[in-house]
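Please open the model in your viewer and keep the sequence panel at hand. The tour below proceeds by selection, stating at each stop what is to be found there.

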Amino acid sequence: MAATTTPGRLERLLTAVGTLGLLALMGIVFVDVLGRNLFNRPLLWGTELAEVLLALMVFVFYPVLARRDGHIVVDLIPVAPAWRAAQRALAGAVGAALFGIVAWCCGRQALRSAEYGDASAVLGLPTAWVLWVMVVLAALSASIFLARGLGLLAVAPASAGHGG
């Protein structure tokens, strides 16, 4: 069972965090819209928290999708079965490079944000914290792509009830 391994546990944790983030996002948007339309009193912090939750939720699911091979794939060029291993290695290298660049750019921005003491306008949430979480998750995604491209990590089966 994949859930008993460390990667399996991490995948389950990230899936749970992302799912709870989505649930919180839905609740915040619902209450905000309800308050705005019925009472003319929106949540003052609703939009700000929704932005943070959305960013974190997206980055939390990247490693899960990378491990499950759940990203959208479009086969534009037919490849002979003998070349499929090379194709997977190239896809892993490209994915690792792209997520490595994302992690690096977010890391640079996190350093700047921490240096300037940037914080969100209403909640005062330090933006560097959010960016550092994004760095870690993007680096994890890059590592998974690299391991998959090198053949060190097999595709994890989709959990029951999660499609894939």
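Begin with the largest pocket and select its lining: α3 provides the largest share, ten residues. The model in view is a predicted one, and this pocket is a feature of that prediction. In total, 24 residues line the largest pocket. To centre the view, select D69, V73, Q87, A91 and G92, which lie nearest the middle of the pocket. Both α3 and α4 supply at least two residues each to the lining. Colouring the lining by class gives 14 nonpolar, six polar and four charged residues. The space within the largest pocket amounts to about 800 Å³.

Next, select G149, a residue of helix α4. Is G149 buried or exposed? G149 counts as buried because its relative accessible area is 18%, and the cut-off for burial is under 20%. Display its surroundings: leaving aside residues up to four places away in sequence, G149 touches R88, A89 and G92. G92 has already been met among the residues nearest the centre of the largest pocket. A distance may also be drawn from G149 to G95: the two are 54 residues apart along the chain, and their C-alpha atoms are separated by 8.8 Å.

For the interior, select the largest nonpolar core, which consists of 20 residues. Those with the most contacts inside this core are L14, F59, F99, M134, L137, A138 and F145. Colour the elements that give two or more residues to the core, namely α2 (46-68), α3 (84-116) and α4 (127-149). Of these, α4 contributes the largest share, nine residues. In soluble globular proteins, nonpolar side chains tend to be buried together.

Within this core, select A138 and show its contacts. Not counting residues up to four places away in sequence, A138 touches F59, F99, V102 and A103. Apart from the largest core lies another, of five residues; select L25, I28, A50 and L53, which are among them.

Now select A114, which is placed in helix α3. How accessible is A114? Its relative accessibility is 47%, so A114 counts as partly exposed. Draw the distance from A114 to V17: the residues are 97 positions apart along the chain, with 25 Å between their C-alpha atoms.

Return to the whole chain. Coloured by secondary structure, the protein chain shows four helices and zero strands, and from the N terminus its elements run α-α-α-α. The C-alpha trace spans about 65 × 40 × 35 Å along its principal axes. Of the 164 residues in the chain, 30% are buried. Among contacts with a separation of 6 or more, 71% join residues 24 or more positions apart.

Finally, colour by confidence. The average pLDDT of the protein chain is 90, and 92% of the residues score at least 70. Select residues 160-164, where the pLDDT is below 50. Beyond near neighbours in sequence, this stretch has four contacts in the model.

How values were computed. Residues are numbered from 1 along each chain as its sequence is written. This is a predicted model: local features need pLDDT of at least 70, side-chain atom pairs count only at pLDDT 80 or more; totals for chains, interfaces and linings use all residues. Side-chain values use heavy atoms; hydrogens and water are left out. A nonpolar core is a set of buried Ala, Val, Leu, Ile, Met, Phe, Trp, Tyr and Cys residues joined through side-chain atoms within 4.5 Å. Buried means under 20% relative accessible area, exposed over 50%, partly exposed in between (1.4 Å probe, protein chains only). Contact means heavy atoms within 4.5 Å. pLDDT is the predictor's confidence in each residue, from 0 to 100. On a 1 Å grid over the protein atoms alone, a cavity is a set of points where a 1.4 Å probe fits but cannot get out, and a pocket is an open set with protein on both sides within 12 Å along at least five of seven lines; lining residues have an atom within 4 Å of a point. Grid points are joined across faces, edges and corners, and a volume is the space filled by probe spheres set on the points. Ala, Val, Leu, Ile, Met, Phe, Trp, Tyr, Cys and Pro count as nonpolar, Asp, Glu, Lys and Arg as charged, and the others, Gly among them, as polar.
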